[in-house]
Amino acid sequence: MISFYCDKLELELEFSSNFSFKKKIDKILRYENSKWKKIIYIFCHKKYISTLNLFFFNTNKLTDVITLKQTDRNKKQVGEIYLNLDMIKFNSIVFQQNFYDELKRVMIHGVLHLIGYEDNNTTNKKQITDKEKFYLN
């Protein structure tokens, strides 16, 4: 199950007809042999995500996505992916991308983190970037 929530935001998620996002994420999970069955996307602003970053990772570094692995009351794994819409919008301008294209990329980036991909060094960053490009096409 893939769910979407907004933190006091009005966000109309209009993806093009050829990009059914839930189906795309399901395809990624199947292709990567992932056991994640429940993923929650939370759209928020930089203040909220900065608070999460400080609480969970003890850092003030601004980020566009935070991925957390949780367990629900039935002891099932739940992936929470927090998306910083302010940073995504800023990056879409800096990298001259359509906002929704950048949003999709970051949403895929978050699920790749959930699966286990990291971007903590040059080799891992290239690997996760290549995966993003693969799944966006």
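**Notes on helix packing, aromatic pairs and loop residues**

1. Leaving aside the neighbours within four places in sequence, Lys131 is in contact with Glu32, Leu112 and Tyr117. Lys131 itself is found in helix 5, and the model in which these contacts appear is a predicted one. For a sense of distance, Lys131 and Phe90 are separated by 41 residues in sequence and by 23 Å in space, taken from C-alpha to C-alpha.

2. Several of the following points concern pairs of helices, and it helps to know that two packed helices are described by the angle between their axes and the distance between the axes. Helix 1, which covers residues 21-31, packs against helix 4, residues 99-115, at an angle of about 30°, and their axes are 11 Å apart. Since angles under 35 degrees count as roughly parallel, helix 1 and helix 4 are therefore roughly parallel to each other. The crossing in which helix 1 passes helix 4 is right-handed.

3. Which residues make the contact between helix 1 and helix 4? From helix 1 come Phe21, Ile25, Ile28 and Leu29, while helix 4 supplies Lys104, Met107, Ile108, Val111, Leu112 and Ile115. Sorted by class, the residues of this contact of helix 1 with helix 4 comprise 9 nonpolar, no polar and 1 charged.

4. Helix 1 also packs against helix 5, here at an angle of about 125° and with the axes 11 Å apart, which makes helix 1 oblique to helix 5. The crossing of helix 1 and helix 5 is right-handed. Lys24, Ile28 and Tyr31 on the side of helix 1 meet Phe134, Tyr135 and Leu136 on the side of helix 5, and the contact of helix 1 with helix 5 has 5 nonpolar, no polar and 1 charged residues. A reader who follows Ile28 through the model will find this residue in the contact with helix 4 and again in the contact with helix 5.

5. A further packing to examine is that of helix 3, residues 85-94, with helix 4, where the axes come within 9 Å and cross at roughly 120°, so that helix 3 is oblique to helix 4. This crossing of helix 3 and helix 4 is right-handed. The contact involves Leu85, Ile88, Lys89, Asn91 and Ser92 of helix 3 together with Phe99, Glu102, Leu103 and Val106 of helix 4, and by class the residues of the contact of helix 3 with helix 4 divide into 5 nonpolar, 2 polar and 2 charged.

6. Turning to the aromatic side chains, the structure holds 8 aromatic pairs, and one of them is formed by Phe21 and Tyr41, an edge-to-face pair with 5.9 Å from centre to centre and 70° between the planes. Because Phe21 lies in helix 1 and Tyr41 in strand 2, residues 38-44, this pair ties together parts that are 20 residues apart in sequence. Are Phe21 and Tyr41 buried or exposed? Phe21 is buried, and so is Tyr41.

7. The rings of Tyr31 and Tyr135 have their centres 5.9 Å apart, and the pair counts as edge-to-face because the planes stand at 80°, where the cut-off is an angle over 60. Tyr31 belongs to helix 1 and Tyr135 to helix 5, so the pair ties together parts that are 104 residues apart in sequence. The two partners should be looked at separately for burial: Tyr31 is exposed, with a relative accessible area of 52%, whereas Tyr135 is buried, with a relative accessible area of 3%. Tyr31, Phe134 and Tyr135 form one aromatic cluster.

8. Asn53 is found in helix 2, residues 46-57, and is buried, because its relative accessible area is 7%. Not counting residues up to four places away in sequence, Asn53 touches Asn58, Thr59, Lys61, Thr63 and Ile66.

9. Two backbone angles deserve a careful look, given that most residues other than glycine have a negative phi. Asn58 has a positive phi of about 55° although it is not a glycine; Asn58 sits in the loop between helix 2 and strand 3 and counts as exposed, at 67% relative accessibility. Gln96, likewise not a glycine, has a positive phi of about 55°; Gln96 is found in the loop between helix 3 and helix 4 and counts as exposed, at 71% relative accessibility.

Conventions: Residues are numbered from 1 along each chain as its sequence is written. Side-chain values use heavy atoms; hydrogens and water are left out. Axes are lines fitted to C-alpha atoms, for helices over the stretch in contact, and angles run from 0 to 180 degrees between N-to-C directions. Helices (H or I, at least four residues) and strands (E, at least two) are DSSP runs, numbered from the N terminus. Angles under 35 degrees count as roughly parallel, over 145 as roughly antiparallel, 65 to 115 as roughly perpendicular and the rest as oblique. A crossing is left-handed if the near helix is turned anticlockwise from the far one by less than a right angle, and right-handed if clockwise. Contact means heavy atoms within 4.5 Å. Ala, Val, Leu, Ile, Met, Phe, Trp, Tyr, Cys and Pro count as nonpolar, Asp, Glu, Lys and Arg as charged, and the others, Gly among them, as polar. Rings of Phe, Tyr and Trp (its six-membered ring) pair if their centres lie within 6.5 Å; planes under 30 degrees apart count as stacked, over 60 as edge-to-face and the rest as tilted. Buried means under 20% relative accessible area, exposed over 50%, partly exposed in between (1.4 Å probe, protein chains only).
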